[in-house]
Amino acid sequence: MSSFKSISGTFDILPEGHTTGGDSIAPSRVWQYVEATIRKVMEAYGAEEIRTPILEPTELIARGIGQLTDIVSKEMFAFERGDTNYVLRPEVTAPVMRAYQQHHLDQKGGVQRLYYIGPCFRAERPQKGRYRQFHQFGLEIIGATDARADADTIACAVDVYRALGLTDFTIRLNSLGDSESRPRYKDALIAYITPFADQLSEISRNRLQTNPMRILDTKIEKERELLKNAPLLSDFIDEESRQHHEEVKGYLTSIGLKYVDDPFLVRGLDYYSRTAFEIESDSLGAQGSLAGGGRYDLLSLELGAKQVIPAVGFAAGMERLIMALDAANLADIPAPRLDAFIVALGDAALTWTFPVAQSLRAKGFKVGYDLKGRSLKAQMREASRQNSRYVIIVGDDELASGVAEVKDMDQSSQTSVPFAQLASHLTK
Ligand code: AMP
């Protein structure tokens, strides 16, 4: 056995569920089921898939997300080769916007609705629900300022959760205003916090210099207390943003979607303007953030566009989602099953198995067989481990007569079936 192990904060997804570093990792069929559900919901929103590379220029991420964010300042897996600096993408919004601009998707007219599912990488301290390689799915609606796009984005994330039977989550919503409201608010916030800066944690004290709005994100009770009377962003945002925010809330209310207005929600990424939201699990605890998103009209300019390309989207963690699903949510996922397992006894039968399995597979059947020439009992055990509907048993006698014994594992019955009729027998 190899002495190598997967890197801490990464994990293998196996056919069977397993435990890694105290975390249970769901079997691959659960991931496939969740992915298929995501695709179905995305299609209901008229979204089409975009796949961008794992490797991106570091500068794209640094500019897109912002130098002062945690992601860019300390969580990037970045490296140099020749004169290029590469990064393993820590998120997918900036890459999608890059692709949109690179391929002039705006020239297709109208609005692009693009969704993605794939791995992201952040050099975080691994812990339950927080990994170095994790998976995100998300939707980006690019080309519209309409508040329905913001509401659509939130509704889409919610629909994914609902489609999987997940209902215990809370939507927190805020507006970050435009690019002018935030500096005004930042100044007011700094003025409010500075007198008691020495009572803050080191992290928050640093943030006061670099990214003061992030202090509002604090989970430390004493700091929350100190911030209780802090100025509110909602009092600083421009009139248009305020109106946009009201419209978004109106649309959510019109479909009966409950949300919590949270003036302290600022989100970790720099590129948001106006709408910001987060969907939190009510049951996951510490790593409870299921999804986050918002409007990022100015990202396009940051990436070199000549004009603002309005856009709104969300990104959601697959690991968190799968963690939040319980056995009841997953009960509908069909276990994989073979149509037939061929049990071969004796050398001649082993050889016969190969072309027969191939011809059945060519007709669309899922067929397995034993590769080790084991005993009848061991082969039967393997057939039932693979949940095979039928077992085709062939030994020297069956080869001589051209008739196989076929067990129907669901009915617990056995029939003699001529080789030429195997395929039609399996369809019964
Ligand atoms: P963010 O891009 O930071 O807004 O993250 C969006 C979502 O991705 C979060 O709500 C989480 O569900 C998930 N996520 C972010 N970072 C990690 C991580 N290190 N491990 C697992 N999931 C993550």
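Which strand gives the most to the shell around the ligand? Keep that question in mind while you look around; the answer comes at the ligand stop. One thing to know before you start: this is a predicted model.

**Stop 1: the two domains**

Colour residues 18–178 together with 237–327 as domain 1, and residues 340–426 as domain 2. Taken over C-alpha atoms, the centres of domain 1 and domain 2 are 48 Å apart. The tour begins with a sheet of eight strands and ends with a sheet of five.

**Stop 2: the eight-stranded sheet**

Show the cartoon and pick out the open sheet of 8 strands, whose order is S3-S7-S8-S13-S12-S11-S9-S10 and whose pairing is mixed. Its edge strands are S3 (48–49) and S10 (260–261), each of which pairs on one side only. Now select helix H1, residues 28–44, which packs on this sheet and touches S3, S7 (112–121), S8 (133–142) and S13 (311–317). The direction of H1 makes about 160 degrees with that of S7.

Move along to S9 (residues 169–175) and S11 (residues 273–281), an antiparallel pair joined by 7 bridges. To see one position in this pairing, label Ser175 and then Thr275 in S11, which stands opposite. Helix H9, residues 239–254, is the next selection: it lies across S9, S10, S11 and S12 (289–295). Relative to S9, H9 runs at about 155 degrees.

**Stop 3: the ligand**

Select the ligand and show its surroundings as sticks. It is surrounded by 14 residues, and the closest are Arg122, Glu124, Tyr131, Arg267 and Ser289. Here is the answer to the opening question: S12 gives the most to this shell, with 3 residues. S8, S12 and S13 each supply at least two residues.

Three distances are worth drawing in the viewer:

- From the side chain of Arg122, an N or O atom is 2.8 Å from an oxygen atom of the ligand.
- At Tyr131, a backbone N or O atom lies 2.8 Å from a nitrogen atom of the ligand.
- At Gly317, a polar backbone atom is 3.2 Å from an oxygen atom of the ligand.

How much of the ligand does the protein bury? Taken alone, the ligand exposes 490 Å², and the protein buries 92% of that.

**Stop 4: strands S4, S5 and S6**

Select S5 (residues 78–81) along with S6, which run antiparallel and are joined by 4 bridges. Glu80 has Asn85 in S6 as its bridge partner. The hairpin of S5 and S6 has 2 residues between the strands, and Gly82 takes a positive phi near 60 degrees there.

Add S4 (residues 55–57) to the selection. S4 and S6 (residues 84–88) pair in the antiparallel sense over 3 bridges. In that pairing, label Pro57 and its bridge partner in S6, Tyr86.

**Stop 5: the five-stranded sheet**

Travel on to the open sheet of 5 strands, ordered S15-S14-S16-S17-S18 with mixed pairing. S15 (367–369) and S18 stand at the edges with a single partner strand each, so one side of each is left without a neighbour in the sheet. From one strand to the next, the twist averages 25 degrees.

Inside this sheet, look at S16 (residues 390–394) and S17, which pair in the antiparallel sense over 4 bridges. Tyr390 stands opposite Asp408 in S17. Two helices come next. H13 (residues 347–362) packs on the sheet, touching S14 (340–344), S15 and S16, and its direction makes about 165 degrees with that of S15. H14 (residues 376–385) also packs on the sheet, touching S14, S16 and S17, at about 170 degrees to the direction of S14.

**Last stop: the hairpin of S17 and S18**

Finish with S17 (residues 403–408) and S18 (residues 413–418), which run antiparallel and are joined by 6 bridges. Asp408 appears again here: its bridge partner in S18 is Ser413. Which residue takes a positive phi in this hairpin? Label Ser412, which does so near 50 degrees, in a hairpin with 4 residues between the strands.

Notes
Residues numbered from 1 in each chain as written. Predicted model: local features only at pLDDT ≥ 70, side-chain atom pairs only at ≥ 80, totals over all residues. Heavy atoms only, no water. Domains from an automatic or database assignment. Pairing = 2+ DSSP bridges. Contact = heavy atoms within 4.5 Å. Axes fitted to C-alpha atoms, helices over the stretch in contact; angles between N-to-C directions. Near = heavy atom within 4 Å. Polar contact = N/O pair within 3.5 Å; in protein donor to acceptor, adjacent residues only side chain to side chain. Areas by Shrake-Rupley, 256 points an atom, 1.4 Å probe, with all protein chains shown as cover.
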